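Please open the structure in your viewer and keep the sequence panel visible. This tour proposes a series of selections and describes what is found at each stop.

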Amino acid sequence: MKHIKHIFKILLLLVTLFTLSCSNEEVSITPNQINTPVQTPTDEEDSGSTIQEMIIGNWEETNVTHDGVVSNSQIICNNEREQFRFQTTSGFTERSFDDYCEEVLESGTYTINSSELVLTFSGQSSDVYQIEELNETELVISFNDGGIVVEETYIKI
């Protein structure tokens, strides 16, 4: 398990370095533009980004609200938070922590239908999120948990 943590940290470092070498130009996508190419802010560039392209990468949770109230119950272990890694092959990995701050890695596939992000864990259960906002640096998703709207904010790392 120790080796897996070291490998994960090395991969995270490599992805961070790759991300830092990319452009700082920010492009926002609203749910109505899900399958439509989005033009970058400058007209000089002829390439656009779709939501499927923008979600690819590593995302770290920064905030959680329950019905608009900031949650103090986020699990933060050893100064680390929950993360998602979305791959170009429609695969994802979720890193979370159990009650003893042991790292838990789960993987599966993801699909984006309109403004819904559907995560299917190893062919078993699925979680459905509404994509509230997605741009080059921020992902905001929400879901209904027994009548309570939970909104999670992530930043790209």
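A salt bridge is a side-chain nitrogen of Lys or Arg within 4 Å of a carboxyl oxygen of Asp or Glu. The model on the screen is predicted, and it holds two salt bridges.

**First stop: Arg-95 and Glu-80.** Select these two residues and display their side chains. They form a salt bridge in which the closest N and O atoms are 2.5 Å apart. The pair links distant parts of the chain: Arg-95 belongs to strand β7 (residues 91-97), while Glu-80 lies in the loop between β5 (69-70) and β6 (83-86), 15 residues apart. Is each partner buried or exposed? Arg-95 counts as buried because its relative accessibility is 3%, under the 20% limit. Glu-80, with a relative accessible area of 25%, is partly exposed.

**Second stop: Glu-103.** Add this residue to the selection. Glu-103 also forms a salt bridge with Arg-95, and here the closest N and O atoms are 3.8 Å apart. Both Glu-103 and Arg-95 are buried. Through shared partners, the salt bridges join Glu-80, Arg-95 and Glu-103 into one network.

**Third stop: the nonpolar core.** Now select Phe-86, Leu-117 and Leu-119. Within the largest nonpolar core, which has 18 residues, these three touch the most other members. Elements that give two or more residues to this core are α2 (51-54), β6, β8 (103-113), β9 (116-121), β10 (126-135) and β11 (138-145).

**Final stop: Leu-117.** Which residues does Leu-117 touch, not counting those up to four places away in sequence? Among them are Ile-55, Phe-86, Tyr-110, Val-128 and Ile-141.

Key
Residues are numbered from 1 along each chain as its sequence is written. This is a predicted model: local features need pLDDT of at least 70, side-chain atom pairs count only at pLDDT 80 or more; totals for chains, interfaces and linings use all residues. Side-chain values use heavy atoms; hydrogens and water are left out. Helices (H or I, at least four residues) and strands (E, at least two) are DSSP runs, numbered from the N terminus. Buried means under 20% relative accessible area, exposed over 50%, partly exposed in between (1.4 Å probe, protein chains only). A nonpolar core is a set of buried Ala, Val, Leu, Ile, Met, Phe, Trp, Tyr and Cys residues joined through side-chain atoms within 4.5 Å. Contact means heavy atoms within 4.5 Å.
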